Amino acid sequence: METILAGIAAAFTFWTVVSVLAGVMLGIAIGAIPGLNAPMAIAIAVPLTMTMDPLAALGMLVGVMKGGGFGGAISATLLNTPGEPSAVATALDAHPLARHQKKPRKAMKLALYSSVVGDTCSDITLFLVAAPLAAIAIGMGRVEQTSILLFSFTIIALLSGRSLLRGMIATLFGVLCALIGTISGGLAERFTFGIVELSDGLPLAAVAIGILAVPEVMEQIIKGRTRPADAPVIEESKKPEDSRVSLREFWVLRWVLARGAALGTFIGALPGLGSSVAAFLSYGVTMRASKTPERFGNGAHEGIAATESANSAVNGANLIPLLTLGIPGNVTAALLVGAFIIHGIDPGPRVFQYDAVLIYGLFTAMMMANLSTFVLGNVGLRLFAKVIQVRGQILYPTVLLLCVVGVYMSSAAGLTAIYIMIAFAAIGYLMRKFDFSVVCFIIGFVLGDTFEHNLRGTVTILYRDPIGRALEHPFAIFMVFATIAFVALILIGQARTGRKALTDTPVEPKT
Amino acid sequence: MTQSRQDTIAGALSLGLGLCLLLWLIPHWVEPDPDLRLPVSLVPQVVALGFIVCGTIMLAKGIHAGRQNEQPEGGGFDQGELRGLAVMMVILIVGTLGFEVLHFLVVAPAIVAVSMWVFGPVRPVSLSLTAAIGPVVIWVLATQVLGRVLP
């Protein structure tokens, strides 16, 4: 209890509060711009937080994460062009509510409140389950950890990309890149090609910004994307009740919000499944449960509440596998691993032993970020709605320069880090074009070192009597069988769906 | 580009990378460490085998799908996009080389200006203002506020 109170007290320092507020503002602004999203913003923000106090730095990053979640709903509502992939489902009802029913502010406020509710429920779950789960995880040995990593890699590869093979190749490539440099616990160098700067391995910021942010920015520049010329003009109703969400209107949505938050939290806690899956699943379930499903897609309040509560609930829950097993569930969590490491914190179950005050401070900062999103989202709604009007021609070249500066500042490798960023930008661009998941790559890269450490330990343990020794680790055996069963189930499901699609497609002509 | 063609190219690249790792990169660019119980090349070899297995399956899948004539359009990119990517790469590489000899406030505006020009037609005033203001704001933020050194 003392640790929890100390954590809460640590979060209420001037700089932490300012950092959280700045992070939320940055997140909402960037999330609102089509083409930019929260993971990109975090990738760019990580180098900027290097000199900050660890809690203030992490507070800023979770602020960006949470603000970005809501920011995506702004462009989804006003432009029908979601800033975040997870806001695609939000656009289904938020845009018609804004455009056809002339209630843009009501749509954005509904998205904001639902987002904050989802986020808060998820954070409370994280707060309640993380420490007990970490206490269980701490007793796991290397064999168990290796089996968990294999399970995670496999399901991330299966669920994050177009196919298992593509996901596996992307993950392997991430692990390979993590092997560059001096082996941990030894002096031997691998794949450094005589470049001294590579001895410490590839800098995370250069790789993450290179593969996540720069290709997206380059694509926008190459294609000359700007605000769509035919962007709809949104008229606003003059009635005051059309600009706000009454308590009564919101109370009606309580079960939709609860279901969305529960689904989002569950999906967020599983590695590999992102907020888009949560949003669409929640939308589908809510529509099926509704007595008037025909209202969905025409500005139904339930549609907005279901998607926003679910996709925001993924945020906090994503940290459950990270803080209990050291395994990031998605790109955002993987980038947070980088931030943890930069500040000398080893994410994983031991974090509750060695940095408990910081972790409870982080939980407090997350709640603070929810409150900030609520307040800033309400107060600055007009301002954030203007952000989407910034011309791409001005924005993207400046963001590109910010990427270069961020990489240079974050690494001791100096200009070599920028060259690494450029190389990974090209790789990232090609990966997108060939449908390879960058999520798998980043998670493979972040966990590569841990995977090697555990795999080497496992081989050492099992070397002399593989079967006999393996039987001493029933949990690891269970995880291996679970991995095989999971792969089989998904592949059988995909094969059935594929066959069904093949037989169905020619019957229904496209109109 | 058809999906089968994509699979074939991606599979061939993965297979090539795996073979390249096993036959050239691991033997030449992985140093031995006698103090470690297991060879340093253990995990790189596992990764290389993974590339070979996945690459071979994907290559076979691509070739098979190509013969089956089930070829929905997938990703890939056109000639213009490839040219644009090359131009952006050149801008970034030349810019980074420029940082080695010139000050940030000389090179950064040039990077911004050229990127704006690649984006599309731009008014000279807009170009000049963005190329001047953006880098200066970033420079002030990095060096004066965060106390970091820029090239």
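**Entry 1: helix H4(A)**

I started just past H4(A), where A:Asn80 follows the helix with a positive phi, near 65 degrees. Before going on, a note to self: this is a predicted model, where local features need pLDDT of at least 70, side-chain atom pairs count only at pLDDT 80 or more, and totals for chains, interfaces and linings use all residues. Residues are numbered from 1 along each chain as its sequence is written, with chains lettered from A and ligands numbered from 1 in the order in which they are written.

Helices here are DSSP runs of H or I, at least four residues, and strands are E runs of at least two, numbered from the N terminus. H4(A) covers residues 54-78, and its end C-alpha atoms are 36 Å apart, which agrees with the 36 Å expected for 25 residues at 1.5 Å a residue (the expected span takes 1.5 Å times one less than the number of residues).

I also found a kink of about 25 degrees centred on A:Gly68; the bend is the angle between axes fitted to the seven residues ending there and the seven starting there. How many residues of H4(A) are buried? I got 25 of 25, with buried meaning 20 or more other C-beta atoms within 10 Å of a residue's own, exposed 12 or fewer, and partly exposed in between, C-beta atoms being placed from the backbone.

**Entry 2: H6(A) against H17(A)**

Next I looked at H6 (residues 104-137) and H17 (residues 356-379) of chain A, which pack at about 175 degrees with axes 10 Å apart. That makes the pair roughly antiparallel (over 145 degrees; under 35 is roughly parallel, 65 to 115 roughly perpendicular, the rest oblique). The contact residues include A:Leu112 and A:Phe127 of H6(A) and A:Phe363 and A:Asn378 of H17(A); contact means C-beta atoms, placed from the backbone, within 7 Å. I sorted the contact residues into eight nonpolar, six polar and two charged. Nonpolar covers Ala, Val, Leu, Ile, Met, Phe, Trp, Tyr, Cys and Pro, charged covers Asp, Glu, Lys and Arg, and the others, Gly among them, are polar.

**Entry 3: chain A meets chain B**

I counted 47 residues from chain A and 56 from chain B in the contact. Which helix gives the most on the chain A side? H19(A) does, with 12 residues. The chain A side divides into 34 nonpolar, seven polar and six charged. H19(A) is mostly covered, with 18 of its 19 residues buried.

**Entry 4: A:Ala262**

Last, I checked A:Ala262 in H11 (residues 254-269) of chain A. A:Ala262 counts as partly exposed because 18 C-beta neighbours lie inside 10 Å.

Note on methods. Axes fitted to C-alpha atoms, helices over the stretch in contact; angles between N-to-C directions. Contact = placed C-beta atoms within 7 Å.
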